[in-house]
Amino acid sequence: MSKIDPQLFTVHEHALEKEFELCPVCGSELSVKHSKHGSFVGCNNYPTCDYTRPLVQHESIETQVISGSQCPQCGHELAVKSGRFGIFIGCTHYPECTHIEKHDHTNQTEQIVCPLCAKGHLESRTSRYGKTFFACSAYPKCKFIVNYPPYNEACPDCGFGILVERKGAAGSRVECPQKSCKYKRAL
């Protein structure tokens, strides 16, 4: 232990904590700051200067128009865009037209009718945290949602329109999504 140079571990010489850049707003020194949302580069003259920038610059893709495509709502062209949840296809006339193309990751051949409203069908969606859930396609009017993949079979005990498939330590099973019904069956 006596051979370790203590100067290597001093706080003043730590390369990751200092940016050694000058603030473009006030000319003060910039350094790496930490918050509950992650690390960022900020001005050391903080209360008087509020300059910040992300620590890592993310590449943003340019909107690429898909030639020959047509929006089914307004007739304008569609484009590949980058948004909060990743890349998607949307209308080029955005604020006036809010059409977005949905891409289905699953190859589900049969559509399961919503057991609550019987007007829409259940489709796979992803939450902002990356979790998959299944919701009615007639969303604002019908707010039916299940967290497990639906199984197109009515519950033999209570008669509810669908069952859900769950995987556990004992293997896969189907069960009724109604809390009041306790029906379960191994697959």
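A pocket is an open set of grid points with protein on both sides within 12 Å along at least five of seven lines. In this predicted model, the second largest pocket has a volume of about 310 Å³. Its lining comprises 14 residues. Those closest to the pocket centre are E175, C176, P177, Q178 and K179. By class, eight lining residues are nonpolar, two are polar and four are charged.

The protein chain is built with 15 strands and zero helices. Of its 187 residues, 22% are buried. Among contacts with a separation of 6 or more, 16% link residues 24 or more positions apart.

Buried nonpolar residues group into cores. The largest nonpolar core has 17 residues. Within this core, F144, C155, I162 and C176 have the most contacts. Strands β10 (132-136) and β13 (163-168) are the elements that give two or more residues to the core. C176 thus appears in two settings: it is one of the residues closest to the centre of the second largest pocket, and it belongs to the largest core. C155 touches F160, L163, C176, C181 and Y183, leaving aside residues up to four places away in sequence. A second core is separate and has five residues. Among them are L30, V41, C43 and C49.

Cysteines recur in these groups, yet the structure holds zero disulfides. A disulfide requires two cysteine sulfur atoms within 2.5 Å. For C74, the nearest cysteine sulfur is that of C91, at 3.4 Å, so C74 is in no disulfide by that cut-off. C74 counts as partly exposed because its relative accessibility is 34%, and the partly exposed class lies between the 20% and 50% limits. C181 is likewise in no disulfide. The nearest cysteine sulfur to that of C181 belongs to C155 and is 3.6 Å away. C181 counts as buried because its relative accessibility is 11%, and buried means under 20%. C181 is also one of the residues that C155 touches.

Strand β13 also holds K167. Is K167 buried or exposed? K167 counts as exposed because its relative accessibility is 68%, and exposed means over 50%. Strand β13 therefore includes the exposed K167 while giving two or more residues to the largest core. K167 and A186 are 19 residues apart in sequence. In space, their C-alpha atoms are 9.9 Å apart.

Notes. Residues numbered from 1 in each chain as written. Predicted model: local features only at pLDDT ≥ 70, side-chain atom pairs only at ≥ 80, totals over all residues. Heavy atoms only, no water. 1 Å grid on protein atoms, 1.4 Å probe; cavity = no way out; pocket = protein on both sides within 12 Å on 5 of 7 lines; lining within 4 Å. Points joined across faces, edges and corners; volume = space filled by probe spheres on them. Nonpolar A, V, L, I, M, F, W, Y, C, P; charged D, E, K, R; others polar. Buried < 20%, exposed > 50% of the residue type's maximum accessible area, 1.4 Å probe, protein only. Core = buried A, V, L, I, M, F, W, Y, C linked by side-chain atoms within 4.5 Å. Helix = DSSP H or I, 4+ residues; strand = E, 2+ residues; numbered from the N terminus. Contact = heavy atoms within 4.5 Å.
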